[in-house]
Amino acid sequence: MYLDQTALAEGAEAEFMYLYQSGAPSSVRTELGVTTTRIGGGVALSMRDDPTNFWSKALGFGFEEPVTHALVDRILDFYRGEGSDGATLQIAPSVLPSNWDDIRTRHHLREGGRIVKLWCPIDVFSPGATDLRVGPVTPEDAREWASVVLRGFGMPEKGIAEMLVAGVEHPSTRPFAAWDGDRMVAGANLFLHGEVGSLNTGATLPEYRNRGAQSALLAIRAKEAANAGCRWLVAETGQPAEGQVNPSLNNMIRSGLRPLYTRQNWLWRPDAAPSSNGET
């Protein structure tokens with residue numbers, strides 16, 4: 001059977017991001033200006049008052065309909081209508097059209113960071129270990145889990161923590177954490193999407209890094225995904241700059257995940273204008 005790994009990987013990421021933001025409590029959606037929509041087979045997520053510049057993004061495109069000038073128009077019209085001060089378009093390289101340079105120049109999209117998408121059959125995953133205790137997050141632990149994850153990422157908690165807590169209650173999510181004694185020090189999430197288990201939202205408090213927490217959290221989520229009937233694991237993390245390393249990427253590769261492709265972030269701002277040479 002033909003398996004479109006890229007479509008499955010992009011689809012899983014789009015759906016867990018949509019779940020987080022569309023499922024936020026109404027008070028949080030109002031406070032942060034959260035609006036979500038589906039366009040052309042993908043999702044567009046706007047957080048107008050996002051203090052992190054992370055949550056306003058559009059992804060999952062190029063599979064139900066091709067990426068065209070008209071599709072990008074529809075995506076950006078959504079952000080303009082929401083009064084967004086910017087957004088990130090994330091489109092897998094294999095579905096970018098031959099005229100993408102014309103499209104991105106017309107829409108004043110500039111290059112941002114790059115994301116490495118990783119993938120492996122679940123039976124080739126190799127578990128890691130830690131001296132910390134790892135296990136599932138209970139509803140009573142959900143608020144602490146959200147706090148640990150956001151502090152691990154260096155993100156503020158106000159509003160966003162409540163959004164993550166709401167996501168914990170969804171039947172397709174499986175949050176896990178690592179504890180040092182009674183103190184929670186790392187957290188991560190598993191999102192079940194058909195036969196794909198998406199390993200996401202993994203972060204460790206700075207003072208507890210290099211103790212194997214994320215490797216162990218990868219392992220326990222992989223086991224849970226296998227128990228749930230998943231055949232594949234997928235994850236994503238930032239591509240490090242030249243001469244630098246990303247420990248999360250290294251942990252994933254050691255565990256058996258393999259880079260599937262690298263995806264460019266395309267940044268849009270409502271006041272952007274092309275430079276004199278036609279580039280942004």
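This report describes the strand arrangement, helix packing and backbone outliers of a predicted model.

## The sheet

The model contains an open sheet of 11 strands with mixed pairing. Across the sheet, the strands follow the order β1-β2-β3-β4-β11-β5-β10-β9-β8-β7-β6. The edges are occupied by β1 (34-39) and β6 (133-136); each has a single partner strand, so one side of each is left without a neighbour in the sheet. From one strand to the next, the twist averages 20 degrees.

In general, the strands of a sheet pair through backbone hydrogen bonds, in either a parallel or an antiparallel sense. Here, strand β5 (residues 110-121) and strand β11 (residues 258-268) form an antiparallel pair over 8 bridges. Within this pairing, lysine 117 has tyrosine 261 of β11 as its bridge partner.

## A helix on the sheet

Helix α8 (residues 247-254) packs on the sheet and touches three of its strands: β5, β10 (232-238) and β11. The direction of α8 makes about 160 degrees with that of β10. Two of the strands touched by α8, β5 and β11, are thus the antiparallel partners described above.

## Packing of α1 and α6

Helix α1 (residues 5-22) and helix α6 (residues 160-168) have axes that come within 8 Å and cross at roughly 115 degrees. The crossing of α1 past α6 is right-handed.

On the α1 side, the contact is made by Leu19, Tyr20 and Gln21; on the α6 side, Met163, Leu164 and Gly167 take part. The residues of this contact comprise 4 nonpolar and 2 polar, with no charged residue among them.

## Residues with positive phi

Most residues other than glycine have a negative phi. Two non-glycine residues with a positive phi are described here, histidine 108 and asparagine 210.

Histidine 108 has a phi of about 60 degrees and lies in the loop between α4 (100-106) and β5. Its relative accessible area is 23%; because the buried class requires a value under 20%, histidine 108 counts as partly exposed. Asparagine 210 has a phi of about 70 degrees and is placed in the loop between β9 (196-204) and α7 (213-227). With a relative accessible area of 81%, asparagine 210 is classed as exposed, since that class covers values over 50%.

Terms used
Residues are numbered from 1 along each chain as its sequence is written. This is a predicted model: local features need pLDDT of at least 70, side-chain atom pairs count only at pLDDT 80 or more; totals for chains, interfaces and linings use all residues. Side-chain values use heavy atoms; hydrogens and water are left out. Two strands pair if DSSP finds at least two bridges between them. Helices (H or I, at least four residues) and strands (E, at least two) are DSSP runs, numbered from the N terminus. Axes are lines fitted to C-alpha atoms, for helices over the stretch in contact, and angles run from 0 to 180 degrees between N-to-C directions. Contact means heavy atoms within 4.5 Å. A crossing is left-handed if the near helix is turned anticlockwise from the far one by less than a right angle, and right-handed if clockwise. Ala, Val, Leu, Ile, Met, Phe, Trp, Tyr, Cys and Pro count as nonpolar, Asp, Glu, Lys and Arg as charged, and the others, Gly among them, as polar. Buried means under 20% relative accessible area, exposed over 50%, partly exposed in between (1.4 Å probe, protein chains only).
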